Amino acid sequence: MLKVEGLKAGYGAINILWDISFEIADGEIVAILGSNGAGKTTMVRAITGMIRPSAGSVQFNGEELAKKSSRAILDHGIIQVPEGRQIFTEMSVLENLEMGAFNKQAKAAFDKNLEMAYTWFPKLKERSKQAAGTLSGGEQQMLAVARALIGMPKLLILDEPSLGLAPNIVDDILAVAASMARKDGIAVMLVEQDITKALACADRGYVIENGHISLSGTSRELESNEHVKKAYLGI
Ligand code: ATP
């Protein structure tokens, strides 16, 4: 489904990503792992069209997206939950969810998808009329995930969903993402610093270090890799 090859990107004259190549298949959960500043968010920005890659290709279901606008990429079904959530704090929970239905197809299916979102995250239903800014951090992350799912993604990108959240809330959010992948065949790209949680949920993973992919493998392979253990798991 997603095939990234030789991706190079950065900010102005500063290059951050060098020759990044990886793939994600339908229904697969793939973790993109790395420490602070490794280039994970830059990679998300390059794939979603928020910054333009200086080289390489981003193919999605056979179509080249590397030079397309972020709106066009969104229309292809690549939807991200950005780092820091970026919900509209003054608007109600329901209004935020309505913003997720950004095209005709998602608008037509909104009522059905809203019911589904409320089934995944019942707290959002209870708080549907409340201003989103009054939700707890965990509930705001749930809202950000639900809003993305209302857009009917083919590839869902979660950028650091665990940031600042209690472990049990992270588990709930990852369980919903996993269920979407398993039941509906949605591909999930899980960008995380919490490597233990990410590998527990993902099928495979890639490790980014200094803008390069330094390692890749199944979650089991990465968990038992000596470098991963020492550098990231502290064991
Ligand atoms: P984090 O977990 O902290 O988000 P990350 O792996 O996502 O880390 P990036 O945010 O991609 O890392 O940052 C990679 C490098 O790019 C860092 O050196 C960062 O300072 C730099 N960088 C990020 N955003 C910008 C920007 N808008 N302009 C210039 N440099 C940037």
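Lys-229 is partly exposed in this predicted model. Its relative accessibility is 23%. The cut-off for a buried residue is under 20%, so a value of 23% does not count as buried. Glu-226 is exposed, at 56% relative accessibility. Exposed means over 50%, so Glu-226 falls in that class. The side chains of Lys-229 and Glu-226 form a salt bridge, with N and O at 3.5 Å. Both residues belong to helix 11, which covers residues 226-233. They are 3 residues apart, or about one turn of the helix. An α-helix has 3.6 residues a turn, so residues three or four places apart point the same way.

Helix 11 also shows features at its start and just after it. At the start, a side-chain oxygen of Asn-225 comes to within 2.8 Å of the backbone nitrogen of His-227. Just after the helix, Gly-234 adopts a positive phi of about 65°.

Salt bridges occur in other helices too. Arg-220 and Glu-223 are both found in helix 10, residues 219-223. Their side chains meet in a salt bridge, with 2.9 Å from N to O. Here again the spacing is 3 residues, about one turn of the helix. Glu-223 is partly exposed, at 30% relative accessibility.

A further pair lies in helix 2, residues 70-75. Asp-75 and Arg-71 are joined by a salt bridge, and their closest N and O atoms are 3.2 Å apart. The two residues are 4 residues apart, so about one helical turn separates them. Asp-75 is partly exposed at 39% relative accessibility. Arg-71 is also partly exposed, at 42%. The structure has 9 salt bridges by the rule applied. Among them are the bridges of Lys-229 with Glu-226, Arg-220 with Glu-223, and Asp-75 with Arg-71.

The ligand has 14 residues around it. Asn-36, Gly-37, Lys-40, Thr-41 and Thr-42 come nearest. Helix 1, residues 40-47, gives the largest share of this shell, with 4 residues. By class, the shell holds 3 nonpolar, 7 polar and 4 charged residues.

Several contacts involve oxygen atoms of the ligand. In the side chain of Asn-36, an N or O atom is 2.4 Å from a ligand oxygen. A polar side-chain atom of Thr-42 lies 2.5 Å from an oxygen atom of the ligand. For Lys-40, the contact comes from the backbone: an N or O atom there is 2.8 Å from a ligand oxygen. Taken alone, the ligand exposes 630 Å². The protein buries 62% of that area.

The model also contains an open sheet of 4 strands. Their order is 2-1-4-5, and the pairing is antiparallel. Strand 2 (14-24) and strand 5 (63-64) are the edge strands. Each of these pairs on one side only. Strand 1, residues 2-11, pairs with strand 2 in the antiparallel sense. This pairing runs over 7 bridges. Within it, Val-4 stands opposite Phe-22 of strand 2.

Key
Residues are numbered from 1 along each chain as its sequence is written. This is a predicted model: local features need pLDDT of at least 70, side-chain atom pairs count only at pLDDT 80 or more; totals for chains, interfaces and linings use all residues. Side-chain values use heavy atoms; hydrogens and water are left out. Two strands pair if DSSP finds at least two bridges between them. A residue is near a molecule or strand if one of its heavy atoms lies within 4 Å of it. A polar contact is a pair of N or O atoms within 3.5 Å; within protein, one must be able to donate a hydrogen and the other to accept it, and residues adjacent in sequence count only if both atoms are side-chain atoms. Accessible areas come from the Shrake-Rupley method with a 1.4 Å probe; for residues, only the protein chains shown count as cover. Ala, Val, Leu, Ile, Met, Phe, Trp, Tyr, Cys and Pro count as nonpolar, Asp, Glu, Lys and Arg as charged, and the others, Gly among them, as polar. A salt bridge is a side-chain nitrogen of Lys or Arg within 4 Å of a carboxyl oxygen of Asp or Glu. Buried means under 20% relative accessible area, exposed over 50%, partly exposed in between (1.4 Å probe, protein chains only).
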